Structure formats: C-alpha cells, structure tokens
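Let's take a friendly walk through a protein model. Have the sequence and the 3D view at hand as you read.

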Amino acid sequence: MKHVTIRDLSAACGLSVSTVSKALNGYSDISDETRQTVLTAAAEMGYFPSAAARALKTSRSHNLGVLFADENRSGLTHPFFAALLNAFKTEAEAAGYDITFISSNLGLSAMSYLSHCRYRNVDGVCLACVDFSSPAIMELVESAIPCVTIDHVFNRWPSVLSDNVSGMRLLTDYVLSRGHRRIAYIHGQRNSTVADKRITGFYRSLETHGVPAENAILREGVYVDPQVSYQITSELLGMSNPPTCILLPDDHAYIGAMEAAVQRNLKIGRDISFAGFDGISMTQSLHPRLTSVRQDTEALGREAARRLIECVEKPNTAGSEAVMIPCKLIRGETVGEVMSTAPARRP
C-alpha cells in the first residue's frame, strides 16, 4: 500500500502544501472550513505525518522511554507494574506519543541507560522499580532528558507515589482492630524507599494503638518471591511463641505463606492470619480471599504519563512536585479475630 504524503493530500484538496500543513497543525490563520476539508481528506486517504519530519519541525520525537528493571527480572509479567505501565501507555498514546522500553543492552552490545535513551531519541523517560541509587540511574536523571519516577523522589523531576505510609497504617490498624497484638511483618528489601515507607506506617499504627514496638517481629523478605515468603513464614510459625498475624511484602507472598500454613495443618483466618499489599486480582480469587491494600495502578500510570509529557512540552512550568496517590483497604477473609484479655485502653 502506497504511503500517502502531504503532497498527495495537497493535490487531493486542491490546496498548497503550506496550507495543508497549517490546517493539520492547527494554525489560527486557516479557516474552519479549510481545516475540516483537509482533516476529512486525511482520514479518508489514510494520511499520517512523517515521524521524522515532525521531529525535525518540533524538535521532539514524540517517543517516551520506559525503564523498568526489578531485581527478579520479572519484566511485564509483574502484575502490579504491568497494570501501571499499561495505564501509562494508554495515556501517552492518547497524547500522540509512542513507547520505547529502555535497557542496558542493544542486540549484543552493552550500553548505558542514558546512551540507549539518546540512541532512541526519546523525549523523556518513566523510571519504575529500579535501583534508584545506582550510578547508571543517577547518570540518566542528572542528564537533560526529562524524567518521571514512580515510588521514588528526586528533587529535580516530578514523581508519582502510592501513599505507602497511610496504606500500611490502614492495614495495620485493621489487623489491630481484630485483636492481634503479636504481629510479624515480612517487609521488602531495605534498599527501596517503598519498604522504608511501609515500615514507618507499620510502626506508626502500633504507636497509635499503644502496642509496644518490641511486640512486632520484622523479617526482611523479597518482593514477588513466594518461595522466600514460604521459608520465612515457616520459620515464624515454628517459633515457640509465634505471631498470630503475618503481614506480607506483597500479594504474591500469600502463595508461599499459604503453603507454609497448610503444611502445619493451620486454618487461615482462624489459626493464623495473613495480610498482603497491592490488591492484585489473582489473590482476590484465591480461597480464603486475601486481606490487602489496593494500590491504584490506573491513577499511578496515568499521572506519570501526564507529568512526563508536561515536562517535555512545558519545561518552564512543569515543576518537580511529588503526586501522592491514595491506597484502599480490601477486607478479605484471611485476618481472623483474636479475643484479647488485655484491659481496654482508656481514651
């Protein structure tokens, strides 16, 4: 099929190339009638502007990079980030932008993230689930290429964050309201701000409810790794005074935790309680249904795309604010009630 050029469109409309170009680009000195004639003909003929020509004219490629590299190399099989990046993609495409995934390899050649971004001529980059302290990431965010970060704050660029502190407080408040006082928390790796924020929310909830911090049992786990969660859950259940409830690093961990409980013939929600974080659909279909905190992946992805495009198109006014997206508690069936013998706390 022949590629339709702007000259073909010009000939079909009986207008000059410059007039057609102005009509396509929304110039105010073109009448509404002329503009509509051109747009109708463009749609009928299947005309699309040349990306190369548009890049020369606007100094932009209309191409956004996405850098996603978690430690487990789960890529787009990661359900939380897959949903988030899909929302980012949808919002970016609606604004006329294409998406390119950025990596440290191109074919058989190794290259830095910054070099890959320059090679692909991206207008900006969204960074999610990476080691934000690594030299390769720092090189990119300190360059002139606009960036937006998810769940991490750099003062120079905008960021979009789940309210992890409040989300974990919601979850811990609920667990405490069910009477649990000996609670274990298998948190994510401490090299991430997400884990730090959630631990802060956990301890704030304990303090608010007058529960001594030493009642809590913290263990470092790994995100999106049910096997590690199985091992740690087994160790916790084998303690002489085991916890009555175990908070998990994410919803994936529930698979490993379930297995550990089943091996000890423990009934979840009666003999042992579990709660997760993320609110992914998979664990909401398991039985018993997991109590969790749902992160708004749609809002996170859409807002990240909007902020990045704003940095590209309006660099003087875009700013570097952090946008906080609230979380929502999902009351499942995995947190049972514990009858407390302690006297009620006076207000």
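A residue counts as buried when its relative accessible area is under 20%, and as exposed when that area is over 50%. Keep in mind that this is a predicted model. With the cut-off in hand, cysteine 311 is easy to place: its relative accessible area is 7%, so it is buried.

**Cysteines**

How many disulfides does the structure hold? It holds zero. Take cysteine 311 as an example: the closest cysteine sulfur belongs to cysteine 147 and lies 8.7 Å away, which is too far for a bond. A disulfide needs two cysteine sulfur atoms within 2.5 Å. Another cysteine, cysteine 327, is also buried, because its relative accessibility is 16%.

**Strand S7 and its partners**

Now find strand S7, residues 159–162. Which way do its side chains point? Ser159 and Leu161 point one way, Val160 and Ser162 point the other way, and all of them are buried. This fits a common pattern: in a regular strand the side chains alternate between the two faces of the sheet.

Strand S7 has links to strands S6 and S13. Strand S6, residues 147–150, runs parallel to S7 and is joined to S7 by two bridges; here threonine 149 has serine 159 as its bridge partner. Strand S13, residues 322–325, also runs parallel to S7, with four bridges between them. In that pairing, serine 162 is partnered by isoleucine 325.

**An open sheet of four strands**

Elsewhere you can trace an open sheet of four strands in the order S9-S8-S10-S11, paired in parallel. Its edge strands are S9 (217–220) and S11, each of which pairs on one side only. On average, neighbouring strands of this sheet are turned by 20 degrees against each other, direction ignored. Within the sheet, S8 (residues 183–187) and S10 (residues 245–247) pair in the parallel sense over three bridges, and isoleucine 183 stands opposite cysteine 245 in S10. Helix H9, residues 193–208, lies across S8, S9 and S10 and runs at about 170 degrees to S8.

**Helix H6**

Which residues of helix H6 (residues 113–120) are buried? Tyr113, Leu114, His116 and Cys117 are. Looking down the axis of H6, you would see these buried residues fall within an arc of 160 degrees, so they line one face of the helix. On the other side of H6, Arg118 and Tyr119 are exposed.

**Unusual backbone spots**

Most residues other than glycine have a negative phi, and most peptide bonds are trans. Here are some places with a positive phi:

| Residue | Phi | Place |
|---|---|---|
| Asparagine 121 | about 55 degrees | just after H6 |
| Asparagine 265 | about 55 degrees | loop between helix H11 (253–263) and strand S11 (273–275) |
| Aspartate 278 | about 135 degrees | loop between S11 and H12 |

Are asparagine 265 and aspartate 278 buried or exposed? Asparagine 265 counts as exposed because its relative accessibility is 69%. Aspartate 278 has a relative accessible area of 10%, so this residue is buried.

One more spot deserves a look. Where is the cis peptide bond? This bond joins histidine 287 and proline 288, with an omega of about -5 degrees. Proline 288 sits in the loop between helix H12 (281–284) and strand S12 (292–294).

How values were computed
Residues numbered from 1 in each chain as written. Predicted model: local features only at pLDDT ≥ 70, side-chain atom pairs only at ≥ 80, totals over all residues. Heavy atoms only, no water. Buried < 20%, exposed > 50% of the residue type's maximum accessible area, 1.4 Å probe, protein only. Pairing = 2+ DSSP bridges. Arc of directions from axis to C-beta. Axes fitted to C-alpha atoms, helices over the stretch in contact; angles between N-to-C directions. Contact = heavy atoms within 4.5 Å.
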